Amino acid sequence: MQDILQVLIHKAPVQELKLHIGKSGLCIGDAAELHLQPDGKIGIFAQAKRPLLGILPRRSLRHLGQLGPAATAVMTEPLRHSDHLRVRIVGLTPEHLSPSGAAEVYISVWSNTHRKMGVRPAAPVTAGRVQGL
């Protein structure tokens, strides 16, 4: 059975970027992970290129940056409860294409936490009446 996912964060910028996006091999649609850090910030991690010995390409889990304060407020509880999250990169502007020279990365987060928060599904409507009332 599939869970119905609902959007928690439609599009949030990754702040304090820690790697060169143009050389990272990241693409729109790539999966990412969120990790609650000891200082209360939420770190964003994704599989990115990291050359072995400077020549051989390999991919490893790399720290991209942090979520901003508004997104952190939304995501803290689902991360503390270890909810299943679907995190994807939805926007990406590498350094060489940005007018300011600074890279931009955006993520979206989807989850099935509505089931755990006690939100009831809508009651079926039959013959002009709502059942269950």
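A nonpolar core here is a set of buried Ala, Val, Leu, Ile, Met, Phe, Trp, Tyr and Cys residues joined through side-chain atoms within 4.5 Å, where buried means under 20% relative accessible area, exposed over 50% and partly exposed in between (1.4 Å probe, protein chains only). Heads-up: this is a predicted model, so local features need pLDDT of at least 70 and side-chain atom pairs count only at pLDDT 80 or more, while totals for chains, interfaces and linings use all residues. Residues are numbered from 1 along each chain as its sequence is written, and side-chain values use heavy atoms, with hydrogens and water left out.

**Exercise 1. Lay out the secondary structure of the chain.**

Step 1: count the elements. There are one helix and eight strands; helices (H or I, at least four residues) and strands (E, at least two) are DSSP runs, numbered from the N terminus.

Step 2: put them in order. From the N terminus the pattern reads β-β-β-β-α-β-β-β-β.

Step 3: look at pairing, which takes at least two DSSP bridges between two strands. Strand 1 runs antiparallel to strand 6, with five bridges, and Val7 has Trp110 as its partner there. Strand 1 is also antiparallel to strand 4, through two bridges; Gln15 partners Gln66 in that case.

**Exercise 2. Find which residues touch the most other members of the largest nonpolar core, and which elements feed it.**

Step 1: pick out the residues. The core has 24 residues, and Leu34, Ile44, Leu64, Leu67, Met75, Ile107 and Val109 touch the most other members.

Step 2: trace the sources. Strands 1 to 6 and helix 1 each give two or more residues, and strand 3 has the largest share, with four.

Step 3: zoom in on Leu64. Leaving out residues up to four places away in sequence, its contacts (heavy atoms within 4.5 Å) include Val14, Leu26, Ile44, Phe45 and Ile89.

**Exercise 3. Work out why Pro78 counts as buried, and where Pro78 sits.**

Step 1: check accessibility. Pro78 counts as buried because its relative accessibility is 4%.

Step 2: place the residue. Pro78 belongs to helix 1, residues 69-80.

Step 3: compare sequence with space. Pro78 and Ser111 lie 33 residues apart in sequence, yet their C-alpha atoms are 8.6 Å apart.

**Exercise 4. Find which ring the charged end of Lys11 sits over.**

Step 1: apply the test: NZ of Lys or CZ of Arg within 6 Å of the ring centre and within 35 degrees of the ring normal.

Step 2: read off the hit. The charged end of Lys11 sits over the ring of Tyr106, 4.8 Å from the centre.
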